[in-house]
Amino acid sequence: MRAAWRLVAVVAALAVAAQATDLEDKVAKTIAEFKDMMSTGRPDLNIPVLEPLSIKKIPISINASPFKANLEASAIKVVGASSFQVTELTQVGDSSQMKVAIEVPGIEVTGDYDIHGQVKVGFIKVNLNGKGPLTISAKGIKGSGVAEVVPRGNSLHLNAIKINSWSWDKLTINLANLLDNGVMSKTVNKLINKLVPAFASANNSKLTALLETVAKKYINKYLDGIVSDVAMLDSQVNWIVSEEVQEILDQLAAAVTAPTADEPSDLETAVKELSEVFRIAMKKGRPDLNIAAMDPAVFSELNIHFHKWLLDGQAVATDLQVSGASDFELTKVTALDDTNVAIEFSVPSITAATQYDLDAKVNLGLTKLHSVRSGSVGIVAGGIKGAATAELVVDKDGQLRLDAFEITKWSYDTLTVELENPENAGFIKKNVNKLIGKLVPSLLVKPHTKDLTAWASSRGFSIIGRFLDGVAGRIPLAGLDARATELLLNLQTVMKTGSTDYDLPVLDPFILNELPFSFEGYFVKASVVAKNLQVGGTSAFTITKISQIPDSNKIQVDLEVPEINGNSDFTAKAGLKWPTKTVTDNGSLTALIRGLKVSATARLAENAEGALLLKDLNIDSWTFDQIAVEFANLHDSHVGSVLNAAINDVLPTIVAAQKNVINSWAEVTAKAVLDQYLAGVAKASSSLTVDIKVIPAEARHIIMQLAALAA
């Protein structure tokens, strides 16, 4: 019997010991209420829905060698936080402290990322830009700590929180579209997944302190009903970059800057690494450096002139596309000294495709043959090999600059030509293409090898040099003020005469088909439509000031135009308020603006060939000394004089009121004209002309065979 009572006593004691304290009950109830609230939020406390949690954006600055970048995560959705389980909730003795342990099975994060910055490895300095979908998956999240909780009215208040530990079983991060989703995208994402745990380990104490601060503020925001904005991340934290983190950062930098990049130790290694970065730029371009794709390369026109006794005429190839150059391989790179390097290269094949127009006369003695033909032609050169020398200088910032480039020799193994022409078919077509395949080397290549080599060297120096300047951060173009001045002075002539080379019509006078406008004054309200408006005098501008803004590709330009005049037909409807009268008429009008002064800012860039492009144009200000309009041929001279006087009286006020509209129209119109002009200049500069000065014996023999086939 005594044993039985002892058993009852033990069970009772255990029951009392296991009973939750009042504080534990209150905390457990509060946690349960909070968990229920996560899916609905508390608008009265300015607490949003927390399951799923939506975050507009989180900006993060990265400034850890070799990276310097700004990353912004946006449109973030966090799912799974409400699945947390409290695995321990115990009051420490009679104190206000509570031991708390929480587990979360998993959290899934989705959103978008946008990164802008630079990464530098050795000689290589690359702009790091990209954006796309972001996903983060964390599994098996655990955390434990001690919280000091005290009653406050009918609720609780968190005095302090101490996190003892926090961890996860598995963390997966993926930045889609990184590095164009190429092979290196997977490598970089793998390194990021190694970097985050290493960074968290190195900064465990700092991250823990940050979590404690944020947790306390947000928990009390809920407990106390305090409406406030709390920063999610303190950007001033001095984060620790451990050796492991630095090693991973260096691996990331190497992966970003070049597919095969190791830390370059000398000039040879730097050239090889830069060639791989350049290869990617050739295929895809570098918009951040204003460099378009270079493979295929496009030439607007190739003119071949031949004026010899045997052959007289010309061939014109248009929209010539040359592809395959980006498949080059540097077969040998040798440093000649500290700055000069010798390069040997090979290209499997280069293909050229174009449309041609041929007008040629062949003199066969007593017989003369005149051939006028057009069509498409394809040329394939295989087994290309060559050698070049380059002078590369390290600038004051430790970046490579190309000071000289020369192709010293080049050759090819095979050359095939496929001439498509409806008049050539079967046996004749096959033999014509075979003969032309022999004619091109003997007539165009061999006699002009020196000129072709010089042209290729010059083009290579321009393209490679500009690429290196961009990679090194030497983006501002030199001498923009002088170049812009030359272009504007040339434009003055082109505006008056037009230009077939630039595909530009005459722009002074400039013709507008129709221009409607309306105005209202004290005595008159009218609407007028000007038709076939001719505007003259714009080409007589004077450049009073032009200067390049330091460390930029922007120029500031001040222009003065002595007089702009306009002539037009018009239809008008006007209502006179006193005396009351309505006038509907048509006739002619003249307009005059004197002493126009314009200040503008333009942002310029270069294309792959080094021709200038206009990126932006802003008209900053404009004024005039006089503006006047005269409507002629009105049926009532008295009304006409009143109308003209009224219009000219209110015209300056109308212009001032519509200044923003006029400004926008002028910017759009001026940019359209300048874009067309610069595109024409670029097209003309990309055209090539070859004058056939010598027809070798081999070429003469082939021409005779072609003439015989054609005859």
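**Entry 1: low-confidence stretches**

I looked up residues 226–237 and found pLDDT under 50 throughout; pLDDT is the predictor's confidence in each residue, from 0 to 100. For this stretch the model has 17 contacts beyond four places in sequence, where contact means heavy atoms within 4.5 Å. Residues 258–265 also stay under 50, and there the model has 18 contacts beyond four places in sequence.

I noted that this is a predicted model, in which local features need pLDDT of at least 70 and side-chain atom pairs count only at pLDDT 80 or more, while totals for chains, interfaces and linings use all residues. Residues are numbered from 1 along each chain as its sequence is written, and side-chain values use heavy atoms, with hydrogens and water left out.

For the protein chain I found a mean pLDDT of 76, with 73% of its residues at 70 or more. Among its elements, helix α1 (residues 2–18) has the lowest mean, 35, and strand β17 (residues 542–548) has the highest, 92. Helices (H or I, at least four residues) and strands (E, at least two) are DSSP runs, numbered from the N terminus.

**Entry 2: two helices**

I checked the length of helix α4, residues 204–224. The expected span is 1.5 Å times one less than the number of residues. For the 21 residues of α4 this gives 30 Å, and the end C-alpha atoms are 29 Å apart, which agrees. Helix α6 (residues 267–284) has 18 residues and should span 26 Å; its end C-alpha atoms are 26 Å apart, so this agrees too.

I then listed buried residues (buried is under 20% relative accessible area, exposed over 50%, partly exposed in between; 1.4 Å probe, protein chains only). In α4 they include Leu207, Leu210, Val214 and Tyr222. In α6 they include Leu267, Ala270, Val271, Leu274 and Phe278. Just after α6, Gly285 takes a positive phi of about 80 degrees.

**Entry 3: cores**

I looked for nonpolar cores, which are sets of buried Ala, Val, Leu, Ile, Met, Phe, Trp, Tyr and Cys residues joined through side-chain atoms within 4.5 Å. The largest has 43 residues, and Ile555, Phe631 and Tyr677 have the most contacts inside it. Among the elements giving it two or more residues are α9 (480–497), β18, β19 (580–606) and α11 (659–685). The largest share, seven residues, comes from α9. A second, separate core of 35 residues includes Ala270, Val341, Val417 and Leu468.

**Entry 4: two residues in strands**

I found Ser568 in strand β18, residues 554–577. Ser568 counts as buried because its relative accessibility is 6%. A polar atom of its side chain lies 2.8 Å from the backbone oxygen of Lys531. Beyond four places in sequence, the contacts of Ser568 include Ala530, Lys531, Gly587 and Leu589.

I found His370 in strand β12, residues 367–394. His370 is partly exposed, with a relative accessible area of 46%. His370 and Asp359 are eleven residues apart in sequence and 7.5 Å apart in space, C-alpha to C-alpha. Leaving aside neighbours within four places in sequence, His370 is in contact with Asp359, Ala360 and Lys361.

**Entry 5: aromatic pairs**

I applied the ring rule: rings of Phe, Tyr and Trp (its six-membered ring) pair if their centres lie within 6.5 Å, with planes under 30 degrees apart counted as stacked, over 60 as edge-to-face and the rest as tilted. The count comes to three aromatic pairs. The rings of Trp622 and Phe624 have centres 6.3 Å apart and planes at 25 degrees, so this pair is stacked. Trp622 is buried at 13% relative accessible area, whereas Phe624 is partly exposed at 25%.

Terms used
A polar contact is a pair of N or O atoms within 3.5 Å; within protein, one must be able to donate a hydrogen and the other to accept it, and residues adjacent in sequence count only if both atoms are side-chain atoms.
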